[in-house]
Each structure stands twice: as structure tokens, then as C-alpha cells.
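Work through the exercises below with the sequence and the coordinates open. Each task is followed by a solution in steps.

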Amino acid sequence: MKYYTYYPGCSCEDGTATAYSMSAIAVSKALDIELIELEDWNCCGSSPYNSIDELGSLCLGARNLSLAEKKGLDVVTPCSSCYIMLDRVNHHLKESPKVKAKVNEALSAGGLEYKGTVKTRHMLDIFVNDVGYDAIKSKVKKSLSELKVAPYYGCQVVRPGPSFDNPENPQTMERLIESLGAKATPFPLKARCCGGSLVIPEESVALDLTYKLLENAVSNGAECIITVCPLCQVNLDIYQGKVNRKFKSNFKIPVLFFTQLMGIAFGIDNKTLGLGKCVVSPDKVLAKSSAVEKGG
Amino acid sequence: METKEKTSSTFVDEICSIPGGEKIRLCIQCGTCSGSCPNANKMEYAPRQLFAMARAGMRDEVLSSNSMWYCASCYLCTVRCPRDIKPTDLMHVLECLASRHGLSTKKNKTPAMYQTFSNLVYGTGGMPEMGFMMRFYLKTNPFSALSMIPTAFGMLRHGRLSLKSRKLKPEAQRQLKAILDKAKELGGS
């Protein structure tokens, strides 16, 4: 059994990405991972907070990490934005003792201290690097051999780094997809931006970027896309209809969290994986997965 | 001339005083950032030009521009910058300075969105997504929410909209507020 401090983040906890947390927890259980939720965690502030108050934004992350330091386990989160906001606290405060002193001065107002003793990890990282591809492969119960999957990394899981994979041409999910028995399609734009939260104030900017991603995935033969980020999933799935209206396109490609695809391969039921929460129906994916039940 | 040099050094110093801003002096104007940016074509000044203007002391032009507000924090410029100046962080620093001095552009709704988001995080310690969207639309253009109706309907149908949101325990919320207030008091540097 492996133990981690779990930081779900707001989107996964009770926002648009609850299915991500549901499937991450179910898959973790199948892989003998115990996720212990961080008590009293606060929002990471995401990029908006560090665009308004940089020091405050570092404090939001530092409070979470200082709470996690009491247990000393690595902090793992499924959300790319939470991951980068927590991870950058460790990087920035290590690089700058002056900023670290200021953050600690602020934290002391709440009776806390940041030491920098816990690592921050993304869910994808712990699955492939701590558990490993072979162990993942051994849990596969359903064949996905016919399924063509585009691995979408987006930005903040691989950049700015240093991260567990290449910042511009990551490979982790390709290997994961193969371990699950599915086929990873080429996806040249796999680590390019979807527009992120700009979809709210500047919708057309994000729709332009999202259109390019969907087009790139579909023209390379993908039947579904997997993502590692709640916001990427929102843009590619929930806004797919708006992309179609804007560009007169006809995309109908399911967009799953990578943990949902793992769960399907592991034979976990649809409800536990939150598959009903996909706006673009994942039936195509499910039809292929149920075709063959792996023996033994 | 003397005054101009004085102004320019002051603005660069101001940038350097916020975490992430200190490397602007190392920029060699190669333009890799502008060439990598997915939204450079939407900006009044693409990143390379914006940094040159900042170093030339064009404080008001820089801080009131829309440029940094189109940064989607994709960090492509950051991993490619040959001088390791971390342009994404620099964009956040410029956003912080623009917010602090009330110079944020009104031509783009991103500053209003970030402010609404940050106020909620400050006030609650969490991010109630529904409440955030409603506040943002009320603050900017309530009518633009109409175009969201089909999208919201799809979300509702698939259980993607939730009215309830996690609340921090009162003592945890008080603790967080004390920390954030202290951070504000300490300023940027």
C-alpha cells in the first residue's frame, strides 16, 4: 500500500470536475494507493490570484503545504493548475530565501510555518512512476485494443517544470495508453494551450485554440481524447458545442479524464467513474471497451 | 534625459520587487517569447515588445495595455527563453502592478474576472464555481450570460453544475484570512 496526502482542489471537489476526483480515487484504490485528504485545505488561487496578489498567492500554496508537512507524505493532486500552484511554492521559496522569509512572516499570523519538506506531485506522475506501467497493465480487465486515443497534456502538468516529462513532447500518456491496451494516436498539439480560464472573459480566444486542438486530434484518427486537467476537459468537452457553432465544424469526440479511461480498462463501473458527466457522450468508447472481456 | 532615466530605473525596480520580476534585466530581445505565445496576435504589444517598453520605463503604456491579460499561463515562452527570464511570471507581475495601481485595462474582461475570482478565494478560502460565474457576469455584462444558456443546460443535464460548495471550518477560514491580510500588509517584495 502506498500513502499520499490528497489535495483534490475546488474543481474536483465540488465544481465541474467531480468525475475526475471520483475516478482518481477509484483507480487509486485499484492500484493499492491510499489517498488521505488534506484537512482544512484552501483553494490554490490558480492563475487569477497570482495575477492580483503574487505574495498572497504564494501564501495560499504555502499554507496548504505547511499543513501537509505535519504528515510528511508527498502531496498529490489530479488538477494541473493546483499542481503548478503548489509546486511553484516549493521552487520559488527554495530559490529565494527572501521571499520564503516573507511568506513565513505572513504564515506566522496564522500560527504556521513553511519548511519545504514535502514534495508536490501530479496524479499522472504517481501512477506511472511510483506504481509503474507493468503494475497498471496487470490490473487491466477489459480490452481496449480497438480504441484510438489522443493524449492531451495541455500546459501546466509539464511546464514550466522541472517535471516528470518533457515540456514540449511528453510521452508519459502514450505509454500509459499502450499499457491499458489502447492505441495512442499522434497528436502534434498535445502540449499546446486550450486557452484555460480565458474561456470565461475572452471566450472567442479560447474557442480558437480549442478548435485547433480538436481538429488536430480528430484529423489524426483519434476516437477520444484524454486529459489531465479539469479546465482542459471543460474547454474540450463542454465548449465543444460552441466550437462547432463558431467554426461550423461537426466534432463529436468524447473527452475523458485519463483516470476515467484507466477505470474503464480496470473494469470499474461507469457510475463510480462519473462517465455520465461527460457532455459529449462517451458511448463510443464504452462500446469498444465492452467488446472483449479479457480472460484470466 | 536625466528624468527619463530615473523613471525607467524606478519602473524596472518596481517590477524586480515582486517575486518573478527580478529577471527582466536579463532579456536580450530575441523574441522567442512572442514567437511561442499562442495569444501574441491578440495583444497590443507582444511579449518581447512589452518587456522592451517596460525596460524603457514606459510604465503607464505597459500597465494599461491589454497584453498581459491575454497570457493564458501556458509557460511555452518560459521553457524556451534562452535567458531563463520566466516571461510568464513577468506577465503575472505586470498584472499585479496594474491591479495594484488601478491601471488594468477595461478593453478586456480578464482583469474583472481575475478580481472576482480572487475576492471569492480571499473571502471563502474556496472556489464556488457557480457563484463565481454569476458574480462575474453581473459585474461585467449580464446579457452575455444569455449566450451561456445552452452550455449551462448541457452542464446541468450532466450534473456538472453544483450549487453547494465546500466550506472551510470557521477557524481555518480565520487563519487563512489572517495570513492573506498579513501578506497584503507586507506588499509584493
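The domain bounds used here come from an automatic or database domain assignment. The model is predicted.

**Exercise 1. Describe how chain A is divided and how its domains meet.**

Step 1. Domain 1 of chain A covers 2–123, and domain 2 of chain A covers 133–290. Taken over C-alpha atoms, their centres are 24 Å apart.

Step 2. Domain 1 of chain A puts 24 residues into the contact and domain 2 of chain A puts in 23 residues. A contact here requires C-beta atoms, placed from the backbone, within 7 Å.

Step 3. On the side of domain 1 of chain A that touches domain 2 of chain A, at least two residues each come from α1, α2 (18–30), α3 and α5 (80–95) of chain A. The largest share belongs to α2(A), with nine residues.

Step 4. Sorted by class, this side of domain 1 of chain A has 16 nonpolar and eight polar residues, and no charged residues.

**Exercise 2. Characterise the side of chain A that touches chain B.**

Step 1. Count the residues: 55 come from chain A and 58 from chain B.

Step 2. Assign them to elements. Those of chain A that give two or more residues are α1 (10–14), α3 (46–50), α4 (54–69), α6 (97–108), α10 (203–219) and α12 (240–247). Among these, α4(A) gives the most, six residues.

Step 3. Sort by class: the side of chain A has 24 nonpolar, 17 polar and 14 charged residues.

**Exercise 3. Work out the strand order of the sheet that contains β1 of chain A, and what packs on the sheet.**

Step 1. The sheet is open and has four strands, ordered β2-β1-β3-β4 (chain A), with parallel pairing. At its edges are β2 (33–37) and β4 (120–122) of chain A, each paired on one side only. From one strand to the next, the twist averages 40°.

Step 2. Three bridges link β3 (residues 75–77) of chain A to β4(A) in the parallel sense. A:Arg121 in β4(A) stands opposite A:Val76.

Step 3. The helix α5(A) packs on this sheet and touches β3 and β4 of chain A, its direction making about 155° with that of β4(A).

**Exercise 4. Do the same for the sheet that contains β5 of chain A.**

Step 1. The order is β6-β5-β7-β8 (chain A), an open sheet of four strands with parallel pairing. Since β6 (183–184) and β8 (255–257) of chain A each have a single partner strand, one side of each is left without a neighbour in the sheet.

Step 2. β5 (residues 148–152) of chain A runs parallel to β6(A), joined by two bridges. A:Val149 has A:Ala184 as its bridge partner in β6(A).

Step 3. α9(A) packs on the sheet, touching β5, β6 and β7 (224–227) of chain A, and its direction makes about 150° with that of β5(A).

**Exercise 5. Locate the largest nonpolar core and the buried residues of α7(A).**

Step 1. The largest nonpolar core has 156 residues, and A:Cys59, A:Val149 and A:Ile226 have the most contacts inside it.

Step 2. Beyond its neighbours within four places in sequence, A:Cys59 contacts A:Val103, A:Ala106 and A:Leu107, and also B:Ile179, B:Leu180 and B:Ala183.

Step 3. In α7 (residues 123–131) of chain A, the residues A:Met123, A:Leu124, A:Asp125 and A:Phe127 are buried. Their cover includes α2, β3, β4, α8 (133–138), α9 (172–179) and α13 (258–265) of chain A.

Step 4. Just after α7(A), A:Gly132 has a positive phi of about 100°.

Key: Residues numbered from 1 in each chain as written. Chains lettered and ligands numbered in written order. Predicted model: local features only at pLDDT ≥ 70, side-chain atom pairs only at ≥ 80, totals over all residues. Contact = placed C-beta atoms within 7 Å. Nonpolar A, V, L, I, M, F, W, Y, C, P; charged D, E, K, R; others polar. Pairing = 2+ DSSP bridges. Axes fitted to C-alpha atoms, helices over the stretch in contact; angles between N-to-C directions. Core = buried A, V, L, I, M, F, W, Y, C linked by C-beta atoms within 7 Å. Buried ≥ 20, exposed ≤ 12 C-beta atoms within 10 Å, placed from the backbone.
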